[in-house]
Amino acid sequence: MSAATYEFPLSERMRNYLRIEHLMAQAKAAAAHDDSHAHLNYFSHLFTLLDLIERIDVRTDVVKELDTQERNLVHWSQHPNINSDALSETLQAVIHTRDKLKASKKPGSELKLEGFLQSIRQRFTIPGGTCSFDLPHLHFWLNKPTDERKADMALWLSHIDLLSDAISLLLSFLRQRSQFVELTAPNGFYQGDAEDKSELIRVRLAASAGVYPTLSGNKYRYALRFMQMKGDQAVSSTADITFDMAACK
């Protein structure tokens with residue numbers, strides 16, 4: 001039976017990480033297509049991603065967290081039953097990523113010097129602003145050979161790859177640290193105390209459950225409410241919902 005996993009961040013920092021991960025995945029998926037319409041969507045994802053990372057100093061947070069991960073891994077290396085080869089490989093990945101990120105320029109800053117991108121960026125904020133009569137040079141680019149367009153898109157994303165890879169590494173650690181446990185939400189409602197200051201709540205439901213979760217709260221206390229669709233309206237479920245949850249910290 002297929003399942004859907006929903007992730008709810010409990011801090012602004014985690015929201016930013018998940019948004020960057022999501023936008024990067026969307027941009028890469030659009031770039032992987034051969035269709036020019038998908039490549040037009042690529043720019044929407046790229047510019048939204050640039051707006052986000054230009055507005056916040058996410059690199060500083062990521063470097064600090066990689067420093068913390070290094071200390072944790074060094075501590076775990078003293079454990080007698082640890083897989084030393086796997087730990088050493090992970091530790092080297094953390095150190096390598098952190099050092100490269102520290103030495104790099106601000107993510108995406110070099111794209112500000114890319115004349116083609118800057119010449120089309122503002123039009124993507126205007127409804128219908130990417131028509132051929134608005135941006136003929138964009139449509140000239142969209143009619144280039146597919147291999148050339150893909151090479152350009154890969155180059156532009158490469159300026160954000162390092163930050164994206166670092167965030168992916170941190171999120172993989174976070175997701176792996178907590179296991180799913182089966183829980184029940186009486187009348188579609190579940191409340192939890194995050195005494196361990198959880199960063200991320202992950203909820204897994206059977207795709208056929210007919211409901212989806214919403215979350216309110218913070219890293220100390222949170223509540224899940226399961227919703228269902230009645231016609232075109234979302235209403236709270238009153239059924240007892242069985243679900244799997246992982247509180248990641």
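1. Outward face of α4. The face of helix α4 turned away from its buried side carries three exposed residues: D85, E89 and A103. Bear in mind throughout that this is a predicted model.

2. Inward face of α4. Which residues of α4 are buried? They are L87, L91, V94, I95, T97, R98 and L101. Seen down the helix axis, these buried residues fall within an arc of 165°, so they line one face of α4. R98 is on the buried list, whereas D85 and E89 belong to the exposed, opposite face. The buried residues pack against α3 (58-76) and α7 (146-176).

3. Length of α4. The helix covers residues 84-103, which is 20 residues. At 1.5 Å a residue it should span 28 Å, and its end C-alpha atoms are 28 Å apart, so the two values agree.

4. Helix α2. This helix runs over residues 36-55 and also has 20 residues. From its first C-alpha to its last it reaches 29 Å, close to the 28 Å expected at 1.5 Å a residue. Its buried residues are A38, H39, L40, Y42, F43, L46, F47, L49, L50, L52 and I53. What covers them? The cover includes α1, α5 (115-121), α6 (136-142) and α7. Helix α7 thus appears twice, packing against the buried residues of α4 and helping to cover those of α2.

5. Overall architecture. The protein has seven helices and eight strands. Its C-alpha trace spans about 55 × 55 × 30 Å along the principal axes. Of the 249 residues, 39% are buried. Take the contacts between residues at least 6 apart in sequence: 73% of them join residues at least 24 apart.

6. Largest pocket. Its volume is about 580 Å³. The lining comprises 22 residues. Nearest the centre lie Q69, N72, L73, F173 and R177. Four elements give two or more residues each to this lining: α1 (12-32), α3, α4 and α7. Which of the elements gives the most to the lining? It is α3, with seven residues. By class, the lining has eleven nonpolar, six polar and five charged residues.

7. Second largest pocket. About 170 Å³ of space lies here. The lining has 14 residues, and the closest to the centre are S104, K105, K106, P107 and H159. Helix α7 provides the largest share of the lining, six residues. The class split is five nonpolar, five polar and four charged.

8. Enclosed space. Rolling a probe the size of a water molecule over the atoms shows where empty space is left. How many cavities of 30 Å³ or more does a search of the whole structure find? The search finds one. The largest cavity holds about 40 Å³ of space. Its lining is I53, I56, D57, V58, R59, K106, P107 and L163. That makes five nonpolar, no polar and three charged residues. Several of these names recur elsewhere. I53 is one of the buried residues of α2. K106 and P107 are among the residues closest to the centre of the second largest pocket.

9. K197. This lysine sits in the loop between β3 (189-193) and β4 (200-206). Is K197 buried, partly exposed or exposed? Its relative accessibility is 45%, so K197 counts as partly exposed. Leaving aside neighbours within four places in sequence, K197 is in contact with K219, Y220 and K249. T5 is another matter: K197 and T5 are 192 residues apart in sequence and 21 Å apart in space, C-alpha to C-alpha.

10. Y220. One of the contacts of K197, Y220 lies in the loop between β5 (212-217) and β6 (221-230). The K197 to Y220 contact therefore links two loops, the β3 to β4 loop and the β5 to β6 loop. At 44% relative accessibility, Y220 counts as partly exposed. Y220 and G192 are 28 residues apart in sequence, yet their C-alpha atoms are 8.7 Å apart in space.

Conventions: Residues are numbered from 1 along each chain as its sequence is written. This is a predicted model: local features need pLDDT of at least 70, side-chain atom pairs count only at pLDDT 80 or more; totals for chains, interfaces and linings use all residues. Side-chain values use heavy atoms; hydrogens and water are left out. The expected span of a helix is 1.5 Å times one less than its number of residues. Buried means under 20% relative accessible area, exposed over 50%, partly exposed in between (1.4 Å probe, protein chains only). The arc is that of the directions from the helix axis to the C-beta atoms. Contact means heavy atoms within 4.5 Å. On a 1 Å grid over the protein atoms alone, a cavity is a set of points where a 1.4 Å probe fits but cannot get out, and a pocket is an open set with protein on both sides within 12 Å along at least five of seven lines; lining residues have an atom within 4 Å of a point. Grid points are joined across faces, edges and corners, and a volume is the space filled by probe spheres set on the points. Ala, Val, Leu, Ile, Met, Phe, Trp, Tyr, Cys and Pro count as nonpolar, Asp, Glu, Lys and Arg as charged, and the others, Gly among them, as polar.
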